[in-house]
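Biologist: I am new to this structure. Could you take me through the spaces in it?

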Amino acid sequence: MELSSFQKRMETVQKRMEAAGIGCFLTGPSSTMKYLTGYSGKPDERLFVLVMAAGKKPFVVANQLYALQASVIPTDDFVYWADGENGVEVLCRELERRGTDISSVAVDKSMPGMFLVPLMERLQGARLILGNSLVDDLRIYKDSSEMEAMMMACRLASEALEETVARGTWWIGKTETEFMGQLAFEMTKRGLKLPSGIVAVGANAAVPHHLTGQTVIETGKCLLVDFGGNYKNYNTDMTRTIHFGEPTDEFKQVYEIVLEANRRGKLAAKAGNQLQDVDRAARNYIESQGYGPYFTHRTGHGIGIDGHEGPSAGEGETTPIAAGMAFSVEPGIYLPGKFGVRIEDQILITETETKVLHDFQRELVVIK
């Protein structure tokens, strides 16, 4: 992305600050900082903060350890401090030296308590507020470069799962953790960063957010795989449920219900509808088939720099679906003690169509 695009984003936020009477906005390494500057470093125990003040040039306060990485941030105003100094004190001195208005200070929601509490103590009299209302709604609507990054992320994720599943019966006797390890390798090999996911065998798949563990993959059991990673700071999120050995009639029936719910949810994911319409389309079908109590979560969530962003495709979410939005459609049925089925696709709304970004097959994969 061009540096000018990040500069425009920061200028937009500064105008919003001025309109809201917010003196300055502080954000550290986070998805907010990625969106505003392109910087994708991780937070640690050293204060690293972007400072934006209405009508003034943004500046950065960071430990000198990060001078090279920080250079990607589109500003020429950096204040570096050394180990042994107090980063919060350095920040506060700079705010004072520059005459920054601290009567109302917006702080990104990701700011760690180890920095936030000292700031609250140091900035006596300042009104500290969460600043994400300045940014979060801007992130809902992706531009062309963001769309391209997510499309590539999803294509690479589909390839990685294809390659991993292609080992077939070799997986029998291996663990959830081993499957996830190989899938992470395949993602990393293709350029997807920060791979993560849920791999759940059999009854574990009935726990929607199961923690991948040492359960062994066996003939006669399903394998639910919910995974993602990011490409150029933008995420992919995908779920498929496969089966080792011939599935029972009950499993096949549940699978077909979830598959149809997934299809109906995607059909409702079109410009002009509300996000809750996606949830209703998928949920109403599952309820009509008698499995309503076993669909225990929203149908989808926003996706972008974060794997989970707002707004969600859930009941009560009346946000209109519009060009630039990206979200998941992931209905599921979870039968405790038996199995679970979830099928998740990532959706992108363009000016002309609804794109489904994953192309790994949705029909049941049975490995014998």
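Modeller: What follows covers the open pocket, the enclosed cavities and some backbone features.
Modeller: This is a predicted model, in which local features need pLDDT of at least 70, side-chain atom pairs count only at pLDDT 80 or more, and totals for chains, interfaces and linings use all residues. Residues are numbered from 1 along each chain as its sequence is written, and side-chain values use heavy atoms, without hydrogens and water.

Biologist: How much space lies in the largest pocket?
Modeller: About 730 Å³. On a 1 Å grid over the protein atoms alone, a pocket is an open set of points with protein on both sides within 12 Å along at least five of seven lines, a cavity is a set where a 1.4 Å probe fits but cannot get out, and lining residues have an atom within 4 Å of a point. A volume is the space filled by probe spheres set on the points, which are joined across faces, edges and corners.

Biologist: Which residues are closest to the centre of that pocket?
Modeller: Leu194, Ser196, Asn235, Asp306 and Gly307, out of 38 that line the largest pocket.

Biologist: And which strand gives the most to its lining?
Modeller: Strand 8 does, with 6 residues. Helices (H or I, at least four residues) and strands (E, at least two) are DSSP runs, numbered from the N terminus.

Biologist: Where is Leu194, and is it buried or exposed?
Modeller: Leu194 is in strand 7 and is exposed, at a relative accessible area of 53%. Exposed means over 50%, buried under 20%, and partly exposed in between, with a 1.4 Å probe and protein chains only. Its phi is near 50°, a positive value in a residue other than glycine.

Biologist: What about phi of Lys232?
Modeller: Phi of Lys232 is also positive, near 50°. Lys232 sits in the loop between strand 8 and strand 9 and counts as exposed at 62% relative accessibility.

Biologist: Changing topic, how many cavities of 30 Å³ or more are there?
Modeller: There are 2. The largest cavity holds about 100 Å³, and its lining includes Phe48, Met111 and Phe115. The second largest cavity holds about 50 Å³.

Biologist: Which strand has the largest share of the lining of that second one?
Modeller: Strand 11, with 3 residues. Among the residues lining the second largest cavity are Gly310 and Pro311, and a cis peptide bond joins these two, with omega about -10°.
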